[in-house]
Structure formats: structure tokens, C-alpha cells
Amino acid sequence: MTAPTGRAIHDRLSFRPVEPDELEACAEIWRVSFNDYIGRLNQPLTDRQNGAVVRLFTHLRSTDPHRFVAATRPDAAAPGGERIVAFASAIVRERLWFLSMCYVLPELQRSGVGRALLASVGPPDGPTSVRATAVDSAQPIANALYASLGIVPRVPLLNLIGLPSRPEAFGTLPSGIRPIPFERVATDAHERLVASVDELDLATLGVRHPEDHRYLRTEGRRGWLYLGPDGTALGYGYAGEAGRVGPVATRDQDLVAPILGHLTREVVPRGAFAMWLPGSAGAAVVGALRAGFRLEPFPVLMCWDRPVVDLARYLPISPGLL
């Protein structure tokens, strides 16, 4: 019997927004698809503990519900008579369109499903829109697809994991710079805090994203604002007991490594720290390695069609959420 062609597979699929109770199914597609290519590289597989992934998906859908789209096909045994076989999620933050996720079950890959999902979650029309994403460097087909659309790999994101056994390698904050925990900011100063974080994001990421800062706090990440001697906000940074570090934004790239040193001293993780450091933040990468962090295999590649983010001064939340 002849195997179905990509066109035949595509014709049997429907595309629609994902419902809240389907996010677990999307997380399982992410896990299966991720393990499919990681396993072929002889890397450790991801288990079924998808809680953090589902929480991220919940946030992505809450801000951009019409850009969290599933591909489904008929299945009489599935609830509602259809089964999700692929999904994609994109978010829009002011002029930035960011593709957070696009995963297809292994048996349906290379059949045009991913390209169709991209069209479903694509950016709004307009000459000012910037398109960006982050893709594993071990996925040449996905990188080629995005690059063919103009979203070209630009900067590696390095995944560093560990504990700072030599914390002095990060350096110390310059004299006069005061780290202020977000939770200690007085109620009547909260608007100034929000404005300071927005200004730092505009100066480094190129857009404001207060909805993502709110999500970070629900995930237990603690934030610090770094004030100069005259009270000017020079940077901010986050870290949490789950070990996640970032985002970090600074006016001066020389502050990135000392801020990482401060964050990893102030927070005691339940296991190890994990952070995503752009290759362009060279001093921070050197500091982390000398402090005792190890570099995980296969960097992620930051891709965009036009420059928007200064990755020497901004460290992202994760590859799925700038």
C-alpha cells in the first residue's frame, strides 16, 4: 500500500485554537517530539512531569489565545472525535512577534504541517513587526524552515547548569549599586518599579512585556532592582528556588556577570541553577564557567528577521519566552 503523501496528510487535518483542557495533550506532543530527536542524539530523555510546561502553555494561551493553535485529525476513539497531532504558539509583545513553540508528532513531520501552523499563528500585518524565535541547533530542518522565511539564526543561547562553587568569578557589584528586592518595594513606589522595569526592557529587549513579569512572580521567581548611587535603575534580575535564573536586563553589559553573581548568592535553589546565556554576553558566560557551571550540549539559536534585542545586555526567561 502506498504511504500517504504530505498533501494527503495535510488535507485530513483541521486547524483551530487550543482549549484550556487540551494543554496537557500539547505538553505530551512537546515531550514526544522533543524526545524523538534528542534520543537520536543519544541525549537523556524528558520524563512525563509536564507541570512546568503546562503552566508555561497556560500563560502563553492567556495572553495570545488565538495564536495558540492545534492541528487535529479525525479519531473516533478520542474525545470529541478528533486528536491533536501538532501545535504552535506565538506571542505578540508590542512590535515583536515571537514564536514560542511549534511541535509536530514524529510520524507527521516533513508533511507541511509545521509550515501550515506557522501560517495560522503568523504575525500581524505591518512593516514595523519584528519576527523572532529560538530553535535548538540540533534541528537543522526547523532552522532551515524559519530561515527560508527570513527568521535567520543570529546568536547562540547557551544552557549553563550548576552551583557557584567559586562565586567570586562573577565579580562583585560596583560600589554604590544597591540591589532592592521587588517584594520590599513600598506600595506607593510600585508604579515607579513597574516604570523602571519597562524602561529597562525597552532599552534592551526593545519592547515592554509586563504580562510576562507577572507570570514570573506566579512561578516563584524573585526579582531585584539594581539602583545606582543617584537612584537610577541600572538593571533588574530574577532567580527562584526552582533554580531558574533570568531574565536579566542592564543598561551596562559589564553589570550582567555581577548581577548573576548576586542572584545566585541570594537564592538557594532546591537543586542546581539553570540559566540561558547568549553568546554575545561573553563576560557572563566566562564568569559562569569559572564559577563552576557546566555547559549543556546543543545550544539554542536565537533567530530574527530584524534586530530588536540586545543580547549582550538582556538574558531571556527561556527559549520559549523572551
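A cavity is a set of grid points where a 1.4 Å probe fits but cannot get out, and its lining residues have an atom within 4 Å of a point. With that in hand, here are four close-up views of this predicted model.

**View A. The largest cavity and the residues around it.** Ile91, Arg93, Leu96, Phe98, Leu205, Val207, His209, Asp212 and Leu322 form the lining of the largest cavity. Strand 3 and strand 4 (96-104) are the elements that give two or more residues to this lining. The space inside comes to about 40 Å³, and the structure has 1 cavity of 30 Å³ or more. Sorted by class, the lining of the largest cavity holds 6 nonpolar, 1 polar and 2 charged residues.

**View B. The second largest pocket, lined by nonpolar and charged residues.** Here the space amounts to about 250 Å³. Two elements give two or more residues to the lining, namely helix 2 (23-40) and strand 3 (82-93). Helix 2 gives the most, with 4 residues. To find your way around, look for Arg16, Glu22, Ala25, Glu28, Ile29, Val32, Ala78, Pro79, Glu82, Arg83, Ile84 and Leu105, which line the second largest pocket. You will count 7 nonpolar and 5 charged residues among them, and no polar ones.

**View C. His262 and its partners in helix 8.** His262 sits in helix 8, which covers residues 256-266. Its relative accessible area is 7%, so His262 is buried. The side chain of His262 makes a polar contact of 2.8 Å with the side chain of Tyr226. Setting aside neighbours within four places in sequence, the residues in contact with His262 are Leu173, Pro179, Trp224 and Tyr226. Tyr226 therefore appears in this view both as a contact of His262 and as its side-chain polar partner.

**View D. Two buried cysteines, Cys26 and Cys303.** Why is there no bond from Cys26 to the closest cysteine sulfur? That sulfur belongs to Cys102 and lies 11 Å from the sulfur of Cys26, which is too far for a bond, because a disulfide needs cysteine sulfur atoms within 2.5 Å. Cys303 also has its closest cysteine sulfur in Cys102, at 13 Å, and this too is too far for a bond. Cys26 has 0% relative accessibility and counts as buried; for Cys303 the relative accessibility is likewise 0%, so Cys303 is buried. Across the whole structure, the search finds 0 disulfides.

Technical notes
Residues numbered from 1 in each chain as written. Predicted model: local features only at pLDDT ≥ 70, side-chain atom pairs only at ≥ 80, totals over all residues. Heavy atoms only, no water. Buried < 20%, exposed > 50% of the residue type's maximum accessible area, 1.4 Å probe, protein only. Polar contact = N/O pair within 3.5 Å; in protein donor to acceptor, adjacent residues only side chain to side chain. Contact = heavy atoms within 4.5 Å. 1 Å grid on protein atoms, 1.4 Å probe; cavity = no way out; pocket = protein on both sides within 12 Å on 5 of 7 lines; lining within 4 Å. Points joined across faces, edges and corners; volume = space filled by probe spheres on them. Nonpolar A, V, L, I, M, F, W, Y, C, P; charged D, E, K, R; others polar.
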